[in-house]
Amino acid sequence: MKKIWFFSMVLCLAAAPVSFAAVGGGDLTFKAKDAKPVFFSHIKHVEGKKYKCSACHYSVFQMAKDSYKMDMSKITKGQFCGTCHNGERSFAVSDKASCAICHK
Ligand code: HEC
Ligand code: HEC
Ligand code: HEC
């Protein structure tokens, strides 16, 4: 019993700094079929671009990783990242020059 209590204390202490350091959901990586992985940074969107959480949650994304099956055709049609990465609010996903901004 004592041992379990000790280990849960250690876990809490180890987890605390991480949850304080991360902005929103932190840095996320999405594996993509036949393309390099996609990186999404909460800090760059929330602090860099001054988006409120509600700009994406829950209108565009749930607050859980992999809650949707994203793919490039849906994104190009304006869903998910394509809500903003459409050449108006931000760089367009269909622009060949922008593939490597997300796929690294
Ligand atoms: C520009 C869009 C955007 C903004 C703004 C944003 N998020 Fe997210 N968030 C995402 C995406 C994309 C995901 C992943 C969704 C998925 O995979 O289905 C996510 C996931 C999360 C997750 C889950 C992470 C995980 O590992 O499961 C949390 C927690 C989260 N966001 C919190 C926040 C909070 C808090 C804010 C405001 C401070 C915020 N987000 C602002 C896009 C955004
Ligand atoms: C705004 C970020 C972003 C840009 C820009 C972008 N992609 Fe993607 N791409 C994604 C995301 C997110 C996924 C889905 C990953 C997953 O499966 O969860 C994806 C998936 C893919 C996939 C996997 C198969 C599929 O159809 O979903 C391919 C291939 C791909 N992208 C190619 C490209 C090419 C080529 C470009 C440039 C013309 C591009 N992407 C630009 C974010 C982006
Ligand atoms: C609510 C609007 C919005 C959504 C949704 C959104 N973005 Fe962005 N994102 C932006 C804006 C605005 C910028 C700033 C780009 C610029 O200055 O042209 C940006 C910048 C970026 C950058 C460049 C950051 C850097 O400076 O390195 C990447 C990569 C990126 N977004 C990926 C994604 C991916 C992947 C998704 C989907 C999972 C996504 N974004 C969803 C608005 C959004």
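Here is a short walk through a predicted model, from a metal site to a second ligand and then to a tyrosine in a loop.

Let us start at the iron atom of ligand 2. The protein gives it two donors, Met72 through SD and His103 through NE2, at distances of 2.1 to 2.3 Å. These two residues bring together distant parts of the chain: Met72 belongs to helix α3, His103 to the segment after α4 (99–102), and their positions lie 31 residues apart in numbering. Around the iron atom of ligand 2 there are 6 donor atoms, and because their angles run from 86 to 179°, the arrangement is octahedral. For six octahedral donors the ideal angles are 90 or 180 degrees. Met72 itself counts as partly exposed because its relative accessibility is 38%.

Now turn to ligand 1, which has 21 residues around it; the closest are His42, Cys53, Cys56, His57 and Asp66. Oxygen atoms of ligand 1 also face polar protein atoms. A backbone N or O atom of Ala64 is 3.1 Å from one such oxygen, and a polar backbone atom of Lys65 is 2.9 Å from an oxygen of the ligand. With Ser67 the partner is a side-chain N or O atom, at 2.7 Å from a ligand oxygen.

Our last stop is Tyr68, in the loop between α2 (42–48) and α3 (72–76). Because its relative accessibility is 33%, Tyr68 counts as partly exposed. Beyond its neighbours within four places in sequence, Tyr68 touches Val60, Phe61, Gln62 and Phe80. With Gln62 there is a side-chain to side-chain polar contact of 3.1 Å. Phe80 sits 12 residues along the chain from Tyr68, and their C-alpha atoms are 9.0 Å apart.

Terms used
Residues numbered from 1 in each chain as written. Chains lettered and ligands numbered in written order. Predicted model: local features only at pLDDT ≥ 70, side-chain atom pairs only at ≥ 80, totals over all residues. Heavy atoms only, no water. Helix = DSSP H or I, 4+ residues; strand = E, 2+ residues; numbered from the N terminus. Buried < 20%, exposed > 50% of the residue type's maximum accessible area, 1.4 Å probe, protein only. Contact = heavy atoms within 4.5 Å. Polar contact = N/O pair within 3.5 Å; in protein donor to acceptor, adjacent residues only side chain to side chain. Donors = N, O, S within 2.8 Å, 3.2 Å for Na, K, Ca; no water. Tetrahedral: all angles 85-135°; square planar, octahedral: opposite > 155°, others 65-115°. Near = heavy atom within 4 Å.
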